[in-house]
Amino acid sequence: MWGTWFGGNSAQRRKDAPKKAILDLRQQLDMLQKRERHLENQMANEDKKARDNVSTNKTAARAALKRKKQHEHSLEQTNGQISMLEQQIYSIESANINQETLAAMKNAGAAMKTIHGKMTMEDVDVTMEQLREQHELTQEIGNAITSMPITEPIDEDELETELADMEQEKLNERMLDPGTVPVADNVGRMPNAVQGEGKSKAQAVEEDDEEAELRKLQAEMAM
C-alpha cells in the first residue's frame, strides 16, 4: 500500500516492462512460426493434389492450385509478421541493454564521486609532496645510522704504547726471576770478572776435547 502511494510499484512496473514486452513478442513469434510450418505443409499437399489430377480431373487440379496460391499469400503475410516481431524483439533487447548499461555507468560515476569526495588535484599534489619529504627523511636517517660509529675510534698510538709497557713489565719480571731468565741474558748481565772466569772455564773444556781427539787420532794411525 505504501509502495503504491509513493510510486514503488510503478517504478517496478517500468523496470519489468521490457521483459514483459519481449516475453509477449516471443509468444506471438512462436505462434506465427507454427502457422508458417502449417501453411508450408498445406501448400505441399495442394501441389501434390494438382499434380495427381492434372491428367484425369482438371477441375480438381485447378481447385488445388487455387488453394495453394491462397496458402502462398497467407505464408507471405506470416513471413512479414515474423520479420517484424524479430526486429521488435531485437530493438527492445538492445534498448534494454543500453538502459542497463547507462544505469550501471551512472552508479559507477556516483560511486567514484563518493570515493573522491572533496578531493582535489591540489590535495593530491600536497600529499605526494609530503610522501616525498618523508621518504627523503627516511633515507637521511638510515644513512646517518649506518655511517655514525657506535663507539669512539681507538687511538692506535696509545695502543702501541700500552703494549710496549706490558712487554717491559714482562721482561722486568723475568729478570727478577733467575729460574726463568735465559743463559745468554744472565751472562750478559754478569760482572766482567765473573764473565772472564766463565770464559776461561769454557776454553779449558774446549782444549781438553781437542787433546782427546788428537790422542784418538794417533792411536788409529799407529794401528
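Helices here are DSSP runs of H or I at least four residues long, strands are runs of E at least two long, and both are numbered from the N terminus. With that naming in hand, let's take a walk through this predicted model.

**Start with the whole chain**

Show the protein chain as a cartoon and you'll find seven helices and zero strands. Followed along the sequence, the pattern reads α-α-α-α-α-α-α. Of its 223 residues, 9% count as buried. Now think about who touches whom: among contacts between residues at least 6 apart in sequence, 66% join residues at least 24 apart.

**Colour by confidence**

Switch the colouring to pLDDT. The chain has a mean of 80, and 75% of its residues reach 70 or more. Select residues 1-6: pLDDT is below 50 over this stretch, which has three contacts in the model beyond near neighbours in sequence. Next, select residues 181-191, where pLDDT also stays under 50. For this second stretch the model has nine contacts beyond four places in sequence. Where pLDDT is low, the predicted coordinates should not be read in detail.

**Select helix H3**

Highlight residues 58-116, which make up H3. Try your distance tool on the C-alpha atoms at its two ends: they are 86 Å apart. The 59 residues of H3 should span 87 Å at 1.5 Å a residue, so the model agrees with the expected length.

Which residues of H3 are buried? Select Ala61, Ala64, Lys68, His71, Ser74, Leu75, Thr78, Ile82, Leu85, Ile89 and Asn96 to see them. Keep the helix geometry in mind as you look: an α-helix has 3.6 residues a turn, so residues three or four places apart point the same way.

Step just past the end of H3 to Gly117, which takes a positive phi of about 55°.

**Zoom in on His71 and Glu46**

Go back into H3 and centre on His71. Is this histidine buried or exposed? His71 has a relative accessible area of 19%, and the cut-off for buried is under 20%, so His71 counts as buried. Leaving aside neighbours within four places in sequence, show what His71 is in contact with: Leu39, Gln42, Met43 and Glu46. Draw a line from the C-alpha atom of His71 to that of Gln42 and you should read 7.0 Å, although the two residues are 29 apart along the chain.

Now click on Glu46, one of those partners. Glu46 sits in helix H2 and is buried, at 4% relative accessibility. Beyond four places in sequence, Glu46 is in contact with Ala64, Arg67, Lys68 and His71. Ala64, Lys68 and His71 are among the buried residues of H3 you picked out earlier.

**Further along H3**

Move to Gln81, still in H3. Gln81 is partly exposed, with 39% relative accessibility. Add Leu32 to the selection: the C-alpha atoms of Gln81 and Leu32 are 7.7 Å apart, with their positions 49 residues apart along the chain.

Then carry on to Glu93, another residue in H3. Glu93 is partly exposed too, with a relative accessible area of 29%. Which residues does Glu93 contact, leaving aside neighbours within four places in sequence? Show Ile22 and Arg26 to see them. From Glu93 to Ile22 the C-alpha separation is 7.6 Å, and the pair is 71 residues apart along the chain.

**Last stop: the largest pocket**

Turn on the surface for this one. Rolling a probe the size of a water molecule over the atoms shows where empty space is left. Select Arg14, Lys15, Pro18, Lys19, Asn96, Gln99, Glu100, Leu102, Ala103 and Lys106, which line the largest pocket. Two elements give two or more residues to that lining: helix H2 (8-53) and helix H3 (58-116). H3 gives the most, with six residues.

How much space lies in the largest pocket? About 180 Å³. Colour the lining by residue type to finish: you get three nonpolar, two polar and five charged residues. While you're there, pick out Asn96, which is part of this lining and is also one of the buried residues of H3.

Conventions: Residues are numbered from 1 along each chain as its sequence is written. This is a predicted model: local features need pLDDT of at least 70, side-chain atom pairs count only at pLDDT 80 or more; totals for chains, interfaces and linings use all residues. Side-chain values use heavy atoms; hydrogens and water are left out. pLDDT is the predictor's confidence in each residue, from 0 to 100. Contact means heavy atoms within 4.5 Å. On a 1 Å grid over the protein atoms alone, a cavity is a set of points where a 1.4 Å probe fits but cannot get out, and a pocket is an open set with protein on both sides within 12 Å along at least five of seven lines; lining residues have an atom within 4 Å of a point. Grid points are joined across faces, edges and corners, and a volume is the space filled by probe spheres set on the points. Ala, Val, Leu, Ile, Met, Phe, Trp, Tyr, Cys and Pro count as nonpolar, Asp, Glu, Lys and Arg as charged, and the others, Gly among them, as polar. The expected span of a helix is 1.5 Å times one less than its number of residues. Buried means under 20% relative accessible area, exposed over 50%, partly exposed in between (1.4 Å probe, protein chains only).
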